[in-house]
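Colleague: Could you take a close look at the disulfide in this structure for me? I would like to know where it sits and what it links.

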Amino acid sequence: MVMKNLYRIRNHHRLPSLTNLLQLIILSLAVIWVSVTWMVFHGSTEDYLPSARQPKHLEKKEQENETRDSDVQPTHIEHSGKEIKNPTISLLSRNPLVKVTSDVRGNLGPASVITQDPPGKDWIKDLWQAAGDMHGTALPGQHWVMLDFGEGAPIHVTKILIDWEAAFAKNYRIEGMTMKGENNQSGNDDSWCQLYDGTNKSHDLRRTVKEHGQSPGVKFKTPLHIVHTIHLEDAPMDCPHLRYLRVFINKPARGWGVSIWELDVYGWSL
């Protein structure tokens, strides 16, 4: 009887020892796993997992490719067989000699307000709008505004900025022409060459959009400025040098007649 009790006591003390040993082994393995995992993902990622940081690298590269700096000056261009070195990019459209015309007068400011220097801020007199009343009722049909840069040296365009009011457009074209055609106001005139077409999906990458401000008198969120920037630095063009530039609006994006605060044209004179 005494021997049986001693055997039970001995086994009773032995079982916890085996359990503790297993727990110690499991705990050690867990510590090792956590340590290795931490080293891999926080210490030497490039040594252990070369592809782990690749998405960030690719993302950074894509952002660099998407970044466009229109202030970077080209080293040289050719015009009429002659090389022009170090052309300077500048804002060409705010020159007081640039003439602005449109197909309609509208109910707000004249078309010339879109190139005034500095741009205006008055919601009534500093906007050109293809509308018939203060409710923004759209004038029927297609509309356009045209800039004439004068009889001097033609220009080369690198970037165009259109600062729309809330009544903006997506379906529009930007066109250029060197010499004035007989029917230069016609939307079907072949003498105009195309710089940008809002209906052409391949041109989407040329345009960036920014919105800011709030339209007065409108209770729901409606931006006061919808700015379209058209990048033409690397865009192929049929007319790299032009005198006339036209924004031809096929259709407003909203029910109102389109409104433009500002039309800025960047590039250089040849």
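Modeller: Happy to! Let me start with a term: a residue is buried when its relative accessible area is under 20%, exposed when over 50%, and partly exposed in between, using a 1.4 Å probe and protein chains only. Cys 239 is buried by that rule, with a relative accessible area of 8%. Cys 193 counts as buried too, at 10% relative accessibility.

Please keep in mind that this is a predicted model, where local features need pLDDT of at least 70 and side-chain atom pairs count only at pLDDT 80 or more, while totals for chains, interfaces and linings use all residues. Residues are numbered from 1 along each chain as its sequence is written, and side-chain values use heavy atoms, with hydrogens and water left out.

Now to the bond itself. The structure holds one disulfide, meaning a pair of cysteine sulfur atoms within 2.5 Å. Cys 193 and Cys 239 form this link, with an S to S distance of 1.5 Å. The angle about the S-S bond is 65°, and the link of Cys 193 and Cys 239 is right-handed. Cys 193 belongs to strand E9 (residues 193-197), whereas Cys 239 is in the loop between strand E11 (225-231) and strand E12 (244-252), so the disulfide ties together parts 46 residues apart in sequence.

For the wider setting, the chain has three helices and 13 strands; these are DSSP runs numbered from the N terminus, with helices (H or I) of at least four residues and strands (E) of at least two. Of the chain's 270 residues, 36% count as buried.
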